[in-house]
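Reader: I've got a chain on my screen and would like to talk it through. Can we start with one helix and work outwards?

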Amino acid sequence: MEDKNAHIDELISKLLVQGLDNNERKELDAWMAQSEENRKHAMQRQEIWFSATGKEDEKRYDQAQAFEAFKKRTAAHRQTTKMKNPYWKSACKYAAAIAAIGLISYFSYRIGETNLKQALTEIEVEAPLGSQTRLRLPDSTLVFLNAGSRIVYAQNFGVDKREVRLSGEGYFEVTHNAEKPFMVTSKDLQVRVLGTKFNICDYPEDSKAVVSLIEGKVALDNRIQKETEMILLPNEQMTLNKEERRMKKETKTASDAKKWTTGQLFFDETPLIEVAKTLERSYNTQITFGNESLKECLFCGSFNRTEQNIKDILEALRKTGKIHYTIDNKNITLY
């Protein structure tokens, strides 16, 4: 297993420096697709690759020397640590190795790896249904993507501007840069910040979009219809009702909005229709209602998706005495 992984490490190294030919790329893709463990290994090794190259390498880059540092770092890593945050199931729309450039791409920009710069005009990272992923943008901004979410940003992110497009839910810890405000654009909203921590949830199929501010200050623009720009301060939350097409601000415990980043599913008098959507995305399942009136029932509860499966949550719903369920593979009916 170790010999095979060493060969994979060499493929990753080659990809980051000069690119892979078609056969090598297919080999890496196929290996990544074999298991979640393989995907995590590849993601981790690419992060180690970048961390193993220092500032001197930016000035005079030596592939062989960098790979030797990489091998030493991975060997030390195997002896001293386990995979961090094992519950994060990282997945990318492009071949995993290319998408991982988006996780820590600063180094590739600095050393001028033109083959990578020219390969894509945009980088897209996706968290499929049933998974979550974490990435760090070239400016060191930390981003968590919830299940069924996608983020897209330009290859030259941070050079002239810092802009990303989001579909779904993301939590951002933005690196401060007064000269280059950070912009997040979703289908219905635009969020502008300098340096802050906030959560934005705007799935295209949802009836509302929500922004919760943990730290700092953000300015919000309604993209559905023209409204006066709204400013949020810590522990304030904006809800955009897509049918009414207007933004509304209220005071909320904003830290609750980011609990999903640690695997928690938190419901506070949440309509069951919204609970169902969260469970569908978190566990990659399909939920239907045998009784339409159930959709507006309110539900409170806190669960951990890394420790509890969907049946544990369905049992909690059943114990309310108001809801029953049936399961057929990944199809669930509430009645």
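Reader: Which are the buried residues of helix 10?

Author: First, a caution: this is a predicted model, where local features need pLDDT of at least 70, side-chain atom pairs count only at pLDDT 80 or more, and totals for chains, interfaces and linings use all residues. Residues are numbered from 1 along each chain as its sequence is written, and side-chain values use heavy atoms, with hydrogens and water left out. Helices are DSSP runs of H or I, at least four residues, and strands are runs of E, at least two, numbered from the N terminus. Buried means under 20% relative accessible area with a 1.4 Å probe, protein chains only, and in helix 10 (residues 310–318) that picks out Ile310, Ile313, Leu314 and Leu317.

Reader: How wide an arc do they cover around the axis?

Author: An α-helix has 3.6 residues a turn, so residues three or four places apart point the same way. Taking directions from the helix axis to the C-beta atoms, the buried residues sit on the same side of helix 10 because their arc is only 100°.

Reader: Which helix is part of what covers those buried residues?

Author: The cover includes strand 14 (264–271), strand 16 (298–304), strand 17 (325–328) and strand 18 (331–334). Also among the covering elements is a helix, residues 272–283: helix 9.

Reader: At the start of helix 10, which residue's side-chain oxygen reaches the backbone nitrogen of Lys311?

Author: That oxygen comes to within 3.0 Å of the Lys311 nitrogen. The residue it belongs to is Asn309.

Reader: And how much of the chain is buried?

Author: The chain has 335 residues, with ten helices and 18 strands. Buried residues make up 48%.

Notes: Buried means under 20% relative accessible area, exposed over 50%, partly exposed in between (1.4 Å probe, protein chains only). Contact means heavy atoms within 4.5 Å. A polar contact is a pair of N or O atoms within 3.5 Å; within protein, one must be able to donate a hydrogen and the other to accept it, and residues adjacent in sequence count only if both atoms are side-chain atoms.
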